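User: I would like a close look at a single part of this model. Please keep it brisk.

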Amino acid sequence: MSRSVKILLADNQPLIAAGLHHFLSSREDADIVGQVEKPDLLKEMLQKHRPDLLIADYNLPNFINKGHLQAVKEISPETHVLILSSDDNKSNILDILQLGVKGYVTKECSREEVLMAIQSTAKGEKFFCHKILDIIMEKHFSPEP
């Protein structure tokens with residue numbers, strides 16, 4: 001990332017959020033503009049900060065859901081979405097990808113892979129970790145029954 005990327009974080013698991021915030025705060029090319037701790041604050045934070053990148057988890061109880069992610073493009077069209085989730089439900093993952101999410105990595109990925117995902121997704125490029133690529137490939141290239 002050559003210029004500083006404005007990033008909004010949305011994860012209600014305190015340890016994950018703190019770790020991601022710490023990891024990104026140490027980078028000169030990342031500017032964390034806010035952190036969403038309650039789903040009803042997402043719209044306000046998107047309007048206020050107009051981030052380049054939203055890093056979010058959608059599979060947490062009483063937090064960001066598919067509807068919130070659908071609304072991102074209406075609220076802040078220039079914001080790209082990177083999902084960072086521990087969800088392993090193939091149907092859920094494929095549903096989320098249908099929303100036009102640019103990047104998706106799991107919470108099992110290495111720091112290097114997460115960084116690559118952030119860099120790619122912030123530029124509007126697609127980035128999926130190997131686990132997500134396996135699900136996509138299985139969906140599109142499985143033999144028909």
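In E6, which residue is the bridge partner of Gly-103?

Analyst: The bridge partner of Gly-103 in E6 is Phe-127. A note on the basis comes first. This is a predicted model, in which local features need pLDDT of at least 70, side-chain atom pairs count only at pLDDT 80 or more, and totals for chains, interfaces and linings use all residues. Residues are numbered from 1 along each chain as its sequence is written, and side-chain values use heavy atoms, with hydrogens and water left out.

Now the strands. Helices (H or I, at least four residues) and strands (E, at least two) are DSSP runs, numbered from the N terminus. Strand E5 covers residues 103–106 and pairs with E6 in the parallel sense, over two bridges. Two strands count as paired if DSSP finds at least two bridges between them.

The wider sheet is open and has six strands. Their order is E2-E1-E3-E4-E5-E6, with parallel pairing. Strands E2 (30–36) and E6 (127–128) stand at the edges; each has a single partner strand, so one side of each is left without a neighbour in the sheet.

E5 also carries an aromatic contact, through Tyr-104. Rings of Phe, Tyr and Trp (its six-membered ring) pair if their centres lie within 6.5 Å; planes under 30 degrees apart are stacked, over 60 edge-to-face, the rest tilted. By this rule there is one aromatic pair. Tyr-58 and Tyr-104 form it edge-to-face, at 6.2 Å centre to centre and 70° between the planes. Tyr-58 sits in the loop between strand E3 (53–56) and helix H3 (66–75), 46 residues from Tyr-104. Both Tyr-58 and Tyr-104 are buried. Buried means under 20% relative accessible area, exposed over 50%, partly exposed in between (1.4 Å probe, protein chains only).
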